[in-house]
Structures are given as C-alpha cells and as structure tokens.
Amino acid sequence: MENIYLEARQSNIEGTGCFARRHIPAGTRIIEYLGQRIPPSIVEERSLVEVDDTGEIIKESHVYMFYVDWRTTIDGGVNGNDARFINHSCNPNCKSTVENRRVFIDALRDIGPGEELTFDYKLDVNASSEQKKRYACLCGAPNCRGTMLAPPKK
Ligand SMILES: C[S@@+](CC[C@H](N)C(=O)[O-])C[C@H]1O[C@@H](n2cnc3c(N)ncnc32)[C@H](O)[C@@H]1O
Ligand SMILES: [Zn+2]
C-alpha cells in the first residue's frame, strides 16, 4: 500500500531515497519500518559482504537492517516497505522511535513537499578504521560528521 506521506525515488545523497509527497507537520508518525524480524545469529549470517577481485563490494545483504534490541533486528530487505529507502543525514528532519519493539519514523520538524526524508542512523558498529570507510556519509549537511556511525560517547 502506498504511504500518504512519502515516495521513494532517486536521491542526491545515495541511491534511492524517500521524499515528502506533501507538507508533513513536526511530530507526524510517517511510516513504520517493516521487514522480517530476525535474531542475532541470522543477522550474522546475512552480514557477509561479497567483494570482487579488486575489493569492490558486489553484494551487501545487511544494508536494510535496523537494530531494535539485543534479540531482534528488522531486515527491511525481506518483506520490507519504503522505510528501508530512507537515507541518513547528520542534519535530519526525522527520527526513529522504538515503541513496544516496533520501529517508527517520525518528523522532527515541519517538512516541506519534495524534501528528502532522513534520519541519523547513529550506527553502532565495531569497525576497524579500514571498515569505517564503508560508513562514510555523503549527506552534504554543513554539520556533516563524515560518517553514518554514532558520534563517540561523551
Ligand atoms: C537503509 S539503506 C537507504 C537506501 C539506499 N539509498 C538504497 O538505495 O537502497 C542504507 C544504505 O544507503 C546508503 N546511504 C544512506 N544514507 C547515506 C549517506 N548519508 N551517505 C552515504 N550513503 C548513504 C548506504 O549505502 C547505507 O548502507
Ligand atoms: Zn553527514
């Protein structure tokens, strides 16, 4: 079913993104992040990255995964909806909210029609400095921190 607030199409940030179809007031619950709910063992199985001879990534199965809690991750790549196409920004107009172990994307502020919807992924990944390059951010915001990873804890 089509979502009344957003449509997925080519993004200037990366690949496909989601864009506001209409004015979205601050606080609106825009979409639920849907997909198959899987335990950590399956996350690990699906997190293998396939590379070619030059080291170029051919297949990454975990890009649509949303960590809910220690026992559950939602894999938006399986039975997911358009929420899986929402890109990261360091200056986001949405935020993710976990409620009763379900994930929702809510508007952080008023959003104009045509604006790309984004939230801050704040990815919590134990990556080596080489692996961290995979998480480089292309959001282009003046306050871009250069990565989709979470900022260091204070
Ligand atoms: C949940 S998907 C978002 C949809 C994605 N653009 C697509 O076409 O499938 C997450 C992936 O999108 C890309 N992405 C999202 N936000 C990004 C950003 N700010 N900078 C660079 N890549 C981004 C990364 O490859 C990330 O692993
Ligand atoms: Zn950024």
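**View 1. Ligand 1 takes up the space of the largest pocket.** This is a predicted model, and the pocket in question holds about 1,500 Å³ of space. Its lining runs to 49 residues. If you're looking for the middle, His-62, Val-63, Met-65, Tyr-121 and Leu-123 are the lining residues that lie nearest the pocket's centre.

**View 2. Helix and strands both feed into the lining of the largest pocket.** Helix 1 (40-46) chips in at least two residues, and so does each of several strands. Those strands are strand 6 (57-60), strand 7 (65-69), strand 8 (72-75), strand 9 (87-88) and strand 10 (94-99). Sorted by class, the lining has 29 nonpolar residues, along with 11 charged and nine polar ones.

**View 3. A shell of 17 residues sits around ligand 1.** Glu-14, Thr-16, Tyr-64, Asn-87 and His-88 come nearest to the ligand. The shell breaks down into 11 nonpolar, four polar and two charged residues.

**View 4. Nitrogen atoms of ligand 1 pair up with Thr-16, Asn-87 and His-88.** For Thr-16, the partner is a backbone N or O atom, 2.8 Å from a ligand nitrogen. His-88 also uses its backbone: one of its polar atoms there lies 2.8 Å from a nitrogen of ligand 1. With Asn-87 it's the side chain that does the job, placing an N or O atom 2.8 Å from a ligand nitrogen. On its own, ligand 1 has 560 Å² of accessible area, and the protein covers 85% of that.

Terms used
Residues numbered from 1 in each chain as written. Chains lettered and ligands numbered in written order. Predicted model: local features only at pLDDT ≥ 70, side-chain atom pairs only at ≥ 80, totals over all residues. Heavy atoms only, no water. 1 Å grid on protein atoms, 1.4 Å probe; cavity = no way out; pocket = protein on both sides within 12 Å on 5 of 7 lines; lining within 4 Å. Points joined across faces, edges and corners; volume = space filled by probe spheres on them. Helix = DSSP H or I, 4+ residues; strand = E, 2+ residues; numbered from the N terminus. Nonpolar A, V, L, I, M, F, W, Y, C, P; charged D, E, K, R; others polar. Near = heavy atom within 4 Å. Polar contact = N/O pair within 3.5 Å; in protein donor to acceptor, adjacent residues only side chain to side chain. Areas by Shrake-Rupley, 256 points an atom, 1.4 Å probe, with all protein chains shown as cover. Sits in = over half its atoms within 2 Å of the grid points.
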